Amino acid sequence: MDESDALTPLHPNHVKVMRVATLLAAVPFVIGALVLEVADVLPTGVFIVPVLLAAAFIVIRVPLRRYAARGFVMSEDRLRVVRGLWFRSDSVVPFGRVQHIDVHQGPLERAYGLATLTLHTAGSHNASVSLPGLADADARAMRETIRAQIRRDTM
């Protein structure tokens, strides 16, 4: 597998899931800004306006950038997972090292028809690699393809 292989992007619904998760994380900050606004400590809008602008930017822009910075390549004998904006991570998992494979969904992923594929490998350092943002059917198909490859290798 060549390092210059084109990455397969994640499912577009993954952006929506990340936006909802980011929005849920921003809610406490918006509530805090509203409380400070109601307290009349400073002139109206000093707290809430910057917080709302920052929250809007973070909810709209950051998930798009994170989505664009992720991808994967699955070959006959390994899975390459690339992610990260500031700290890039490029993990290659040979199927021969896979101990077991999980496909899981949280409530948001389930609502958007997505799943996360996790490969657990032998060893302690980076012993598992997760690939979120896959369509549920694709994640299950990838799991079965990897399992079939592992069976062929052990026979």
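Student: In which helix is the place of Arg-19?

Tutor: Arg-19 belongs to helix H1. Please keep in mind throughout that the model is predicted.

Student: Is Arg-19 buried, partly exposed or exposed?

Tutor: Such a class is read from the relative accessible area, and the middle class lies between 20% and 50%. Arg-19 is partly exposed, because its relative accessibility is 28%.

Student: Which residues are in contact with Arg-19, leaving aside its neighbours within four places in sequence?

Tutor: With those neighbours set aside, Arg-19 is in contact with Val-59, Ile-60, Pro-63 and Leu-64. A distance between C-alpha atoms adds to this picture: Arg-19 and Arg-61 are 42 residues apart along the chain, and their C-alpha atoms are separated by 9.0 Å.

Student: What can be said of Val-20?

Tutor: Val-20 is likewise found in helix H1. With a relative accessible area of 26%, Val-20 is partly exposed. Beyond its neighbours within four places in sequence, Val-20 is in contact with Leu-108 and Tyr-112. From Val-20 to Pro-63 the C-alpha distance is 9.6 Å, although their places lie 43 residues apart in sequence.

Student: How many helices and strands does the protein have, and what pattern do they follow along the sequence?

Tutor: There are four helices and six strands. Read along the sequence, they give the pattern α-α-β-β-β-β-α-β-β-α.

Student: What does the radius of gyration say about the overall form?

Tutor: The general idea is to set the value beside that of a compact globule with an equal number of residues. For 155 residues such a globule would have a radius of gyration near 15 Å, but this protein has 20 Å. The spans of the C-alpha trace along the principal axes may be read beside it: they are about 75 × 30 × 30 Å.

Student: What share of the contacts joins residues at least 24 apart in sequence?

Tutor: The count is taken over contacts between residues at least 6 apart in sequence, and 48% of these join residues at least 24 apart.

Student: What share of the residues counts as buried, and how much area does the protein expose?

Tutor: Of the 155 residues, 34% count as buried. The exposed area is about 9,400 Å², and carbon and sulfur atoms supply 62% of it.

Student: How should I read a nonpolar core?

Tutor: In soluble globular proteins, nonpolar side chains tend to be buried together. Here the largest nonpolar core has 22 residues, and Leu-79, Leu-117, Leu-131 and Leu-134 are those with the most contacts inside it. Two or more residues come from each of helix H1, strands E2, E4, E5 and E6, and helix H4. The largest share, four residues, is that of H4.

Student: Which contacts does Leu-131 make, leaving aside its neighbours within four places in sequence?

Tutor: Leu-131 is then in contact with Leu-10, Phe-72, Leu-79, Val-81, Ala-115, Thr-116, Leu-117 and Met-142. There is also a second, separate core of five residues, which includes Ala-26, Val-30, Ala-33 and Ile-48.

Student: Is Ser-91 buried or exposed?

Tutor: The cut-off for buried is under 20% relative accessible area. Ser-91 is buried, because its value is 17%. This residue lies in strand E3, which covers residues 89-94. Leaving aside neighbours within four places in sequence, Ser-91 is in contact with Leu-79, Arg-80, Val-81 and Val-129.

Student: Where is Ser-75 found?

Tutor: Ser-75 is found in the loop between strands E1 and E2. Its relative accessible area of 25% makes Ser-75 partly exposed. The C-alpha atoms of Ser-75 and Phe-95 are separated by 9.8 Å, with the two positions 20 residues apart along the chain.

Student: Why does Asp-40 count as exposed?

Tutor: The class of exposed residues begins over 50% relative accessible area. Asp-40 is therefore exposed, with a value of 58%. It is found in the loop between H1 and helix H2. Phi of Asp-40 is near 55 degrees, a positive value in a residue other than glycine.

Student: In which helix is Asp-138, and how accessible is this residue?

Tutor: Asp-138 has its place in helix H4. With 44% relative accessibility, Asp-138 counts as partly exposed. Asp-138 and Leu-10 are 128 residues apart along the chain, while their C-alpha atoms are separated by 10 Å.

Student: How many charged side chains are there, and where do the centres of the two sets lie?

Tutor: The protein has 17 positive and 14 negative side chains, and the centres of these two sets lie 2 Å apart.

Methods: Residues numbered from 1 in each chain as written. Predicted model: local features only at pLDDT ≥ 70, side-chain atom pairs only at ≥ 80, totals over all residues. Heavy atoms only, no water. Rg over C-alpha atoms; globule rule 2.2 N^0.38 Å. Buried < 20%, exposed > 50% of the residue type's maximum accessible area, 1.4 Å probe, protein only. Contact = heavy atoms within 4.5 Å. Areas by Shrake-Rupley, 256 points an atom, 1.4 Å probe, with all protein chains shown as cover. Lys, Arg positive; Asp, Glu negative; His and termini not counted. Charge placed at Lys NZ, Arg CZ, Asp CG, Glu CD. Core = buried A, V, L, I, M, F, W, Y, C linked by side-chain atoms within 4.5 Å.
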